[in-house]
Amino acid sequence: MNPATNLESLKQHEITGAVAVSTGKGGLPRVTVATAHSRTELYLHGAHVTAFQKNGEPPLLFMSTASHFAADKPIRGGIPICFPWFGARTGAPAHGFARLMEWHLAATSVLPDGRVSVRLRLLDNSGLAAQFPGKVEYTVTAGETLTLELHVVNTSGEHLAFEECLHTYFAVGDIAAVSVRGLKGVSYLDKVGEPATRTETESTIKFSSEVDRVYLDTVQPVIIEDAKLKRTIRVEKFHSKSTVVWNPWIAKAKAMPDFGDDEYHRMVCVESGNVAQNQMALTAGASSTLKVVLSSQLG
Ligand code: BG6
């Protein structure tokens with residue numbers, strides 16, 4: 001835990017029966033949210049949602065059993081926040097610094113409809129975050145659905161460009177029984193092998209090898225059909241023009257130290273954001289909110 005974070009001071013945000021704060025894996029502070037419909041868990045490290053489970057359903061999010069839980073490493077699984085860049089960057093952490101920082105727990109509340117909201121803020125006084133001229137907040141609202149909102153305000157006095165992506169790992173019964181719908185006709189950057197730009201020709205995307213694609217200029221919801229778990233997951237996006245679909249498959253899974261060799265069978269990433277050609281550009285004083293609503297249904 002960041003020495004500046006005192007578990008006792010975080011406990012002021014607890015709400016009996018709805019929000020609890022505790023020390024999680026690796027000694028990192030964790031927030032647990034309970035509603036009539038679901039249970040959610042998130043870490044202040046990376047503002048990282050590590051679990052969401054509706055009553056009577058299997059967990060919605062995949063978490064690697066090999067994940068690190070350490071202040072200097074990202075968590076593998078759940079919903080990493082890629083910000084303010086996506087992908088590799090020479091001399092800087094992959095997918096940005098936001099997933100490596102401990103966020104400030106700003107507020108918690110029970111909404112009139114029974115959903116529970118947790119608001120986190122990226123502290124701008126340390127490390128690489130000190131160089132980012134903006135205010136960044138993340139609100140997680142849990143109920144029957146899970147709503148994620150990443151809010152950025154440009155405080156720089158000039159144009160501010162950045163990438164953002166909610167790198168969601170969904171739990172599936174068997175990747176061979178998964179189809180992803182909603183991307184037919186969309187142009188994408190294919191990152192497997194020699195990078196190439198292609199157009200999606202399939203109405204249902206299936207997985208039988210590594211998939212690493214950045215779909216561009218698409219605001220449509222994406223549907224994940226899981227024939228093994230008999231579950232349909234809906235990823236609804238607002239102010240998100242990019243959708244990334246990723247499964248590392250065999251070789252890449254083996255090469256990742258914080259991911260089990262066989263775990264690629266049980267996950268698929270469908271990530272919502274604004275990356276590559278869709279990166280954000282805010283004028284001075286402007287703000288943006290990337291919003292994603294995740295819902296699921298069995299049967
Ligand atoms: C995906 C990228 O979003 O994240 C992949 O498209 C990358 O190229 C994957 O391998 C995992 O990245 P990381 O940094 O969490 O290992």
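**Strands, ligand shell and backbone exceptions in a predicted model**

Trainee: In this predicted model, is strand β21 (residues 267-274) largely enclosed or left open by the rest of the structure?

Mentor: A residue counts as buried under 20% relative accessible area. In β21, 8 of the 8 residues are buried, so the strand is, with respect to the rest of the structure, largely enclosed.

Trainee: Which residues of β21 point the opposite way from Val268, Val270, Ser272 and Asn274?

Mentor: The side chains of β21 divide into two groups, and both groups are buried. With Val268, Val270, Ser272 and Asn274 on one side, the other group consists of Met267, Cys269, Glu271 and Gly273.

Trainee: How many bridges pair strand β20 (residues 242-247) with β21?

Mentor: β20 and β21 run in the antiparallel sense. Within this pair, valine 245 has valine 270 as its bridge partner. The number of bridges between β20 and β21 is 5.

Trainee: Which residue in β21 is the bridge partner of tyrosine 169?

Mentor: β21 also pairs with strand β11 (residues 164-166), antiparallel and over 3 bridges, where leucine 166 stands opposite serine 272. Strand β12 (residues 169-171) is likewise joined to β21 by 3 bridges, again antiparallel. Tyrosine 169 belongs to the pairing with β12, and its partner in β21 is cysteine 269.

Trainee: Which residue of β21 has a polar side-chain atom 2.9 Å from an oxygen atom of the ligand?

Mentor: The ligand is surrounded by residues including Val244, Trp246 and Glu271. β21 spans residues 267-274, and Glu271 points the same way from it as Cys269. The residue with the 2.9 Å contact is glutamate 271.

Trainee: What percentage of the ligand's accessible area does the protein cover?

Mentor: An N or O atom in the side chain of arginine 99 is 2.8 Å from a ligand oxygen, and for histidine 167 the corresponding distance is 2.7 Å. On its own, the ligand has 390 Å² of accessible area. The share of this area covered by the protein is 84%.

Trainee: How many residues of the shell around the ligand are charged?

Mentor: The shell includes Arg76, Lys191, Asp212 and Lys252. The shell divides into three classes, with 4 nonpolar and 2 polar residues. The number of charged residues is 6.

Trainee: Is histidine 95 buried or exposed?

Mentor: Histidine 95 is one of the residues surrounding the ligand and lies in the loop between β5 and β6. Its phi is positive, about 65°, although it is not a glycine. With a relative accessible area of 13%, under the 20% limit, histidine 95 is buried.

Trainee: Which residue in helix α2 (residues 249-255) has a positive phi of about 60°?

Mentor: The residue in question is not a glycine. It is buried, with a relative accessible area of 17%. It is found in helix α2, and its name is tryptophan 249.

Trainee: Which peptide bond is cis, with omega near 0°?

Mentor: The loop between β5 (81-82) and β6 contains proline 84. The bond leading into this proline has omega near 0°. The cis bond runs from phenylalanine 83 to proline 84.

Trainee: Which strands stand at the edges of the open sheet of 9 strands?

Mentor: The order is β6-β7-β8-β9-β23-β19-β18-β13-β16, with antiparallel pairing. At one end, β6 is joined to β7 (residues 116-121) by 6 bridges, and alanine 107 has arginine 119 as its partner. At the other end, 2 bridges join β13 to β16 (residues 204-205), with arginine 181 opposite threonine 204. Each edge strand pairs on one side only, and the two are β6 (104-110) and β16.

Trainee: Why is one side of β1 and of β4 left without a neighbour in the sheet?

Mentor: These strands belong to an open antiparallel sheet of 4 strands in the order β1-β2-β3-β4. β1 is joined to β2 (residues 29-34) by 5 bridges, and threonine 23 stands opposite proline 29. One side of β1 (19-23) and of β4 (48-54) lacks a neighbour because both stand at the edges, each with a single partner strand.

Trainee: What is the average twist from one strand to the next in that sheet?

Mentor: The sheet is the open one with the order β1-β2-β3-β4. From one strand to the next, the twist averages 15°.

Terms used:
Residues are numbered from 1 along each chain as its sequence is written. This is a predicted model: local features need pLDDT of at least 70, side-chain atom pairs count only at pLDDT 80 or more; totals for chains, interfaces and linings use all residues. Side-chain values use heavy atoms; hydrogens and water are left out. Two strands pair if DSSP finds at least two bridges between them. Axes are lines fitted to C-alpha atoms, for helices over the stretch in contact, and angles run from 0 to 180 degrees between N-to-C directions. A residue is near a molecule or strand if one of its heavy atoms lies within 4 Å of it. A polar contact is a pair of N or O atoms within 3.5 Å; within protein, one must be able to donate a hydrogen and the other to accept it, and residues adjacent in sequence count only if both atoms are side-chain atoms. Accessible areas come from the Shrake-Rupley method with a 1.4 Å probe; for residues, only the protein chains shown count as cover. Ala, Val, Leu, Ile, Met, Phe, Trp, Tyr, Cys and Pro count as nonpolar, Asp, Glu, Lys and Arg as charged, and the others, Gly among them, as polar. Buried means under 20% relative accessible area, exposed over 50%, partly exposed in between (1.4 Å probe, protein chains only).
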